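I am opening a notebook on a structure that is new to me, and I mean to write down each thing as I look it up.

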Amino acid sequence: MLDLTRLPDWDRRLARVTERHMTLPGQWGVSDCLLTVFDAVEAVTGHDPGHAIRGRYKTARGATGHLRRRGFRNVEEALAALFPPVGRLLAQRGDLGVILEGDVLAAGYVTELGFAVKTETGLVFRPQTDIRSAFKVG
């Protein structure tokens, strides 16, 4: 697990990540759900847990391959290996989570606007009650 602390200005940094991703379309290996979550982690803590996989895949299949090579079946397992669990309704701004988006597990993070999840068209916000599992950042 990562031992990270929040930066003094994490809230402003996280707001900028959210603003950027609201207009940025989803793109595998650049701006997908997991890398968007890692952008949020970097904003909150200054550490990018996704640096080793950024730009290394271009499809959903490629993303799945990277997860499997690291021993994870899905994004939920990857986040659980990096961050401690927290109750889904106790998750605070900047904390992470996973929801079922259609028939796929998708990673996201808690914002003042709701639970942010990256889709092909951009960032969407879901109610926090939709979170399946949540993880503490810092």
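I began with helix H3, which spans residues 60-69, and I looked up which of its residues are buried: Gly62, Ala63, Gly65, His66 and Leu67 are. I keep in mind that I am reading a predicted model. I then asked what covers these buried residues of H3, and found that the cover includes helix H2 (33-45) and helix H4 (75-82). Just after H3 I noted Gly71, whose phi is positive, at about 90°.

Next I turned to H2 again, this time together with helix H1, which runs over residues 10-23. How do the axes of H1 and H2 cross? They come within 8 Å of each other, and the crossing angle is roughly 155°. Angles over 145 degrees count as roughly antiparallel, and H1 and H2 are therefore roughly antiparallel to each other. I also looked up the hand of this crossing of H1 and H2, and entered it as right-handed.

For the residues that meet between these two helices, I listed Trp10, Arg13, Leu14, Val17, Arg20 and His21 on the side of H1, and Thr36, Asp39, Ala40, Glu42, Ala43 and Val44 on the side of H2.

Trp10 came up a second time when I looked for charges over rings: Arg6 lies over the face of Trp10, at 4.4 Å from the ring centre. I looked for aromatic pairs as well, with ring centres within 6.5 Å as the limit, and by this rule the count is zero.

Staying with H1, I looked up Arg12, which has its place in that helix. Is Arg12 buried or exposed? Its relative accessible area is 52%, and exposed means over 50%, so I entered Arg12 as exposed. I also looked up how far Arg12 is from Ala107, and found that their C-alpha atoms are separated by 21 Å, with their positions 95 residues apart along the chain.

My last entry concerns Asp130, which I found in the loop between strand E5 (122-126) and strand E6 (133-135). Its relative accessibility is 38%, and Asp130 therefore counts as partly exposed. Which residues does Asp130 touch, if those up to four places away in sequence are not counted? I wrote down Arg88 and Ile99. I also took the distance from Asp130 to Gly87, which is 12 Å from C-alpha to C-alpha, while the two residues are 43 residues apart in sequence.

Note on methods
Residues are numbered from 1 along each chain as its sequence is written. This is a predicted model: local features need pLDDT of at least 70, side-chain atom pairs count only at pLDDT 80 or more; totals for chains, interfaces and linings use all residues. Side-chain values use heavy atoms; hydrogens and water are left out. Buried means under 20% relative accessible area, exposed over 50%, partly exposed in between (1.4 Å probe, protein chains only). Helices (H or I, at least four residues) and strands (E, at least two) are DSSP runs, numbered from the N terminus. Contact means heavy atoms within 4.5 Å. Rings of Phe, Tyr and Trp (its six-membered ring) pair if their centres lie within 6.5 Å; planes under 30 degrees apart count as stacked, over 60 as edge-to-face and the rest as tilted. A charge sits over a ring if NZ of Lys or CZ of Arg is within 6 Å of the ring centre and within 35 degrees of the ring normal. Axes are lines fitted to C-alpha atoms, for helices over the stretch in contact, and angles run from 0 to 180 degrees between N-to-C directions. Angles under 35 degrees count as roughly parallel, over 145 as roughly antiparallel, 65 to 115 as roughly perpendicular and the rest as oblique. A crossing is left-handed if the near helix is turned anticlockwise from the far one by less than a right angle, and right-handed if clockwise.
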